[in-house]
Amino acid sequence: MRIGFNGRPFCQDQIRGLGRHTLELIKHIHKQHPDVEFFIYSYQKISPYYAQELPYAKIRDKSLSPKIFWDLFRLGRDVKNDQLDLFHSTNNLGVPFFPLSRIPIFTTIHDHFTHNARVKLGMGLRGIWGYLNYQIELFLLKRSKHFFSVSEDAKKKIHQHMGLSLDSITVAYNGANLKPLKKTHDDEMFFLYVGGLEERKNIITMLRAFLEFSAESSSEAKLKIVGSLNSATSEVRELLKNHSSVFYSTGFVTDRELTELYENAEALIFPSLEEGFGLPLVEGMGLGCPIICSDIEVFKEIADGVALFFPAKDSQALKAQLMKLHLDKDLREDLIRKGYKRAEKFTWDAMAHKVFNTYLDFLKR
């Protein structure tokens, strides 16, 4: 079998969600089916990191701008020449248009946020242009033979917002690839947040709650924030700046450094208002890090019975859960034990197996 992938998630130097998902999907299909040939297509150069991780893949990356020329002309020609059996886009709405080839397209839609962002742009010139682009993207998306989502909650919302039938979407959960180290121990007490700082991440609620927890508990614990500050609001930046003795931003870290943070943290705090999956929950559970997270539906699906939940915008409720975990060591150990067991449900092997078998099912029809 010859499978092509949209390489756009591989054009960043840092490993982010879509890049991690696509990389692990290809690596684990290759492990399970070493006879499969992989082709990666992009209108930008692929990051050397991903090229090194996938030495068996044939990379067709171009420096071609604007993207529409790649969509309409170059990609179709390359795909036809490579005689693919199928093409998979794991990039939400990033489904290319290649009229010269009729190979089946499979698409992974991780969440409905892109839909919401596009339809809320307003009626100005930028909004109208963005909406028209979105309608084209949606048209191309719906040419797909089948879709994947990363959670049952994401599947339901994609159906509601994008008009795709539930029968056309298969859920294939993400996994986690961080391996325990257990070689170091950090004597510093700290809690952990991993992810972006955009508004839907609800960072402001977490910072306010942690400041009150820090004051009331007389604890010297810090909150370590892993991720880029680029998308932080001015209010979040101000709090981080004014309380640098409590909050510490690590920026991006290596997988090894992230593993050490999970293993030594008092708990992972994950306060999001919206998520398609929530990979840090699974990473934390698999590395013995207790979870305190907002009570959105997808988190209850992923961390059912193994996390402390709080209403997403209620900083007082989050503070109470922080205090509860801080004072009750037996509770913390119980969450760790249950988390290890729950994490076994989410593996990249299982995800790749489900995706590949879905390919086969639809190609036989």
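Helices and strands here are DSSP runs, numbered from the N terminus. With that naming in hand, let's walk through this predicted model, beginning in the first part of the chain and then moving to the helices that pack together further along.

Our first stop is C11, which sits in the loop between β1 (2-6) and α1 (17-32). Leaving out residues up to four places away in sequence, C11 touches S42, Q44, K45, I46 and S47. Y43 belongs to that stretch of sequence too: 32 residues separate C11 from Y43 along the chain, while their C-alpha atoms are 9.3 Å apart in space.

Next comes helix α3, where you will find D78. Is D78 buried or exposed? With a relative accessibility of 9%, D78 counts as buried, because the cut-off for burial is under 20%. Setting aside neighbours within four places in sequence, the contacts of D78 are Y41, R60 and K62.

Just past α3 (67-82), in the loop that leads to β4 (86-89), lies Q83. Have a look at the backbone here: phi of Q83 is positive, about 50°, although Q83 is not a glycine. Most residues other than glycine have a negative phi. Q83 has a relative accessibility of 61%, so it counts as exposed.

A second residue with a positive phi makes a nice companion to Q83. N202 is not a glycine either, and its phi is near 60°. N202 lies in the loop between β8 and α7. Its surroundings can be judged from its relative accessibility of 5%, which means that N202 counts as buried.

Before following the chain into α7, step back to strand β5 (residues 105-108), which holds T108. T108 has a relative accessibility of 2% and therefore counts as buried. Its side chain makes a polar contact of 2.8 Å with the side chain of H88. Beyond residues up to four places away in sequence, T108 touches H21, H88, S89, T90, N91, N92 and F148.

Now for α7 (203-217), a good helix to keep on screen, as we can look at its packing against two others. One partner is helix α8 (residues 234-242): the two axes are 10 Å apart, at an angle of about 25°. That angle makes α7 roughly parallel to α8, because angles under 35 degrees count as such. The crossing is left-handed. On the α7 side, the residues involved are I203, I204, L207, R208 and L211, and they meet E235, V236, L239 and L240 of α8.

The other partner is α12. Here the axes come within 8 Å and cross at roughly 45°, so α7 and α12 are oblique to each other. This crossing is right-handed. The contacts involve T205, M206, R208, A209, F210, E212, F213, E216 and S217 from α7, which meet S315, Q316, L318, K319, L322, M323 and H326 from α12. R208 is listed among the α7 residues that meet α8 and also among those that meet α12.

What about α12 itself? Its 13 residues (315-327) should span 18 Å at 1.5 Å a residue, and the end C-alpha atoms are 18 Å apart, so the two agree. At the start of the helix, a side-chain oxygen of D314 reaches to within 3.1 Å of the backbone nitrogen of Q316. Which residues of α12 are buried? They are S315, A317, L318, K319, Q321, L322, M323, L325 and H326. As a guide to reading such a list, residues three or four places apart in an α-helix point the same way, because there are 3.6 residues a turn. The cover over these buried residues of α12 includes α7 along with β8 (190-194), β11 (268-270), β12 (291-294), β13 (307-310) and α13 (329-343).

Two more helices round out the tour. In helix α9 (residues 255-264), the buried residues are L258, T259, L261, Y262, E263 and N264. What covers them includes β8, β9 (222-226), β11 and α10.

Finally, helix α10 (residues 279-286) packs against α13 at an angle of about 115°, with 7 Å between their axes. The crossing of α10 and α13 is left-handed. V282, M285 and G286 of α10 meet G339, Y340, R342 and A343 of α13.

Terms used: Residues numbered from 1 in each chain as written. Predicted model: local features only at pLDDT ≥ 70, side-chain atom pairs only at ≥ 80, totals over all residues. Heavy atoms only, no water. Helix = DSSP H or I, 4+ residues; strand = E, 2+ residues; numbered from the N terminus. Expected span 1.5 Å × (residues − 1). Buried < 20%, exposed > 50% of the residue type's maximum accessible area, 1.4 Å probe, protein only. Contact = heavy atoms within 4.5 Å. Polar contact = N/O pair within 3.5 Å; in protein donor to acceptor, adjacent residues only side chain to side chain. Axes fitted to C-alpha atoms, helices over the stretch in contact; angles between N-to-C directions. Parallel < 35°, antiparallel > 145°, perpendicular 65-115°, else oblique. Left-handed = near helix turned anticlockwise from the far one by under 90°.
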